[in-house]
Amino acid sequence: MTQRGARRLARIGRALVSRRRASRLRFTAGNEVRLFRSGPDYFRALIDHVDAARTSVALETYIFRDDETGRRVSDALLRAAQRGVRVRVITDGLGTGRLALFDEWTAAGVEHRIYNAGWFGFGLLFGRFGLSRTHRKLAVVDERVAFCGGINIVDDLAPTSERPLRPTWDFAVELTGPVVLHVSNALDAQWRRLTFGHRPYAESVSRALVPLARAARAISSAGGPRRAASTQAPDRALKAPSVAFVARDNFVNRRAIEKAYLVAIGRARQEILLANPYFMPGRKLRGALVRAAHRGVDVRLVIGRKEFAVLDRAVPYLYRTFLNAGVRIAEYEKAMLHGKVAVVDSDWATVGSSNLDALSLVLNNEANVVLIEHPEIGELRGAMLAAFEEACPIDAARYAARPLPERLTNWFAYAVYRAVMKLLTVGGYD
């Protein structure tokens, strides 16, 4: 490569980084939002949009299971490809593995990439992107509608024998409006990362410039950028409904989702509702929640259980600090709690794929949507309050009186978890 060519590629790289830095948490107005609780309505809407697609469908998911639901979604993708729609699907090498469906997709013209499929005898655990996974659940159809949330492509019933057969407690949103461009750009960027191994680098870089030009045209036609580099919430005094899409990766947006939580929690004055299945946040998030409780904010946590035994034993180790600060905690066991959601002061909310643990906050690719002043926040808040009432509350006195063996088990499980996560994240987990 000539020196001139190297300089040109360097300029392109800086432009790409600048574009990604600008999209960490950009709020836009004029969006429509539809909230889905659990899978059935979500899958119906997704399939309807795919069946109506005219030009393009892009889908990224951690789990795509070859079950009844997976087959329905797959059939819709095949129908779209067969009528000339460009269909792209990204699945995770560990969450999905390799399915017979993939051969059907290839035969029908569906473009498919596997994130971190595994290298050199390490199976599916270690690959081109190290130990990271794509845990995102995203879809964009015709660049006019987008989906983001925590719902995988899988039958939506809790599969355990320890609970009655109830739909998984989970959420997703359907989006139309300016924010769709941001979701589309994130999917395009992920596709380019996975495409470098499938075509020459120069061609991939050339393709990488397309969404940048598209974004520039969109910003120009809208009269300029909207708080392009802001990681703060818009001024709530404006009372204007707005939406931001925030994606976490291992390049420049490493702490984007965590920062969004920290800003909202730091500004809370009345109420924080937080639900998460794998609740192992680092010290910054734990400290922010404790400080909020100390200043009189009503902080309530809904925590999932009975999926991973190690977490069931490790998570309670954190309860003492929260309970001493006045945080109320409840463990949800009615169904599998898979939702990664929060509501702050009834006017800020987030829905997405990011757990509050080391893997999601430091290692994996994740994607959330932040809502400000949208009416769907009230619906989400109602669902979270109902879950809190249905869940088993943690009594501070009873917790303090746990038998010594149980306390030692909690401490040991947490210590092991923290040591393993420190190793996996190369010290990134605090």
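Which residues of strand 6 point one way, and which point the other way? In this predicted model, Leu138 and Val140 point one way from strand 6, which spans residues 138–141, while Ala139 and Val141 point the other way. In a regular strand the side chains alternate between the two faces of the sheet. Whichever way they point, all of these residues in strand 6 are buried.

Strand 6 has partners that can be followed residue by residue. Strand 3, made of residues 56–61, runs antiparallel to strand 6 and is joined to it by four bridges, and within this pairing alanine 58 has valine 140 as its bridge partner. Strand 7, residues 145–149, is likewise antiparallel to strand 6 and joined to it by four bridges, with alanine 139 bridged to phenylalanine 147. Strand 6 and strand 7 form a hairpin with three residues between the strands, and there aspartate 142 takes a positive phi near 55°.

From this sheet the view can widen to the interior. In soluble globular proteins, nonpolar side chains tend to be buried together. The largest nonpolar core in this structure has 52 residues, and those with the most contacts inside it are Ile272, Met280, Leu289, Val299, Leu301, Phe322 and Ile329. Val140 of strand 6 is not part of that list; together with Trp169, Val180 and Val351, Val140 is included in a second, separate core of 40 residues. Returning to the largest core, leucine 301 can serve as a point of entry: setting aside residues up to four places away in sequence, leucine 301 touches Leu274, Phe279, Leu289, Phe322, Val327, Arg328, Ile329, Ala330 and Phe388.

Arg328, one of the residues that leucine 301 touches, also leads to the charged side chains. Side chains of opposite charge can pair when their charged atoms come close. Across the whole structure, a search finds 20 salt bridges, and a network of them links Glu271, Asp298, Arg300, Arg328 and Arg381. Within this network, the side chains of glutamate 271 and arginine 300 meet with an N to O distance of 3.4 Å. Glutamate 271 belongs to strand 10 (residues 271–276) and arginine 300 to strand 11 (residues 298–304), so their salt bridge ties together parts that are 29 residues apart in sequence. Glutamate 271 is buried, at a relative accessible area of 8%, and arginine 300 also counts as buried, at 12% relative accessibility.

Glutamate 271 forms a salt bridge with arginine 381 as well, and here the closest N and O atoms are 2.7 Å apart. Because arginine 381 lies in helix 12 (residues 376–390) while glutamate 271 lies in strand 10, this pair ties together parts that are 110 residues apart in sequence. Arginine 381 counts as partly exposed, with 27% relative accessibility. Arginine 300, for its part, also meets the side chain of aspartate 298 in a salt bridge of 2.9 Å, N to O, and aspartate 298 is partly exposed at 22% relative accessibility.

A polar side chain in another strand is worth following next. Histidine 112 is found in strand 5, residues 111–115, and is buried, with a relative accessible area of 16%. Its side chain makes a polar contact of 2.8 Å with the side chain of threonine 91. Apart from neighbours within four places in sequence, histidine 112 is in contact with Val89, Thr91, Phe102, Trp105 and Trp191.

Two cysteines and a loop glycine complete the route. A disulfide is a covalent bond between the sulfur atoms of two cysteines, and a search of the whole structure finds zero disulfides. Cysteine 148 is buried, at 2% relative accessibility, whereas cysteine 392 is partly exposed, with a relative accessible area of 43%. Glycine 177 lies in the loop between strand 8 (171–176) and helix 5 (179–195), where it counts as partly exposed at 32% relative accessibility. Leaving aside neighbours within four places in sequence, glycine 177 is in contact with Gly30, Asn31 and Arg144. The C-alpha atoms of glycine 177 and glutamate 143 are separated by 9.6 Å, although these two residues are 34 residues apart along the chain.

How values were computed: Residues are numbered from 1 along each chain as its sequence is written. This is a predicted model: local features need pLDDT of at least 70, side-chain atom pairs count only at pLDDT 80 or more; totals for chains, interfaces and linings use all residues. Side-chain values use heavy atoms; hydrogens and water are left out. A nonpolar core is a set of buried Ala, Val, Leu, Ile, Met, Phe, Trp, Tyr and Cys residues joined through side-chain atoms within 4.5 Å. Buried means under 20% relative accessible area, exposed over 50%, partly exposed in between (1.4 Å probe, protein chains only). Contact means heavy atoms within 4.5 Å. Helices (H or I, at least four residues) and strands (E, at least two) are DSSP runs, numbered from the N terminus. Two strands pair if DSSP finds at least two bridges between them. A salt bridge is a side-chain nitrogen of Lys or Arg within 4 Å of a carboxyl oxygen of Asp or Glu. A polar contact is a pair of N or O atoms within 3.5 Å; within protein, one must be able to donate a hydrogen and the other to accept it, and residues adjacent in sequence count only if both atoms are side-chain atoms. A disulfide is a pair of cysteine sulfur atoms within 2.5 Å.
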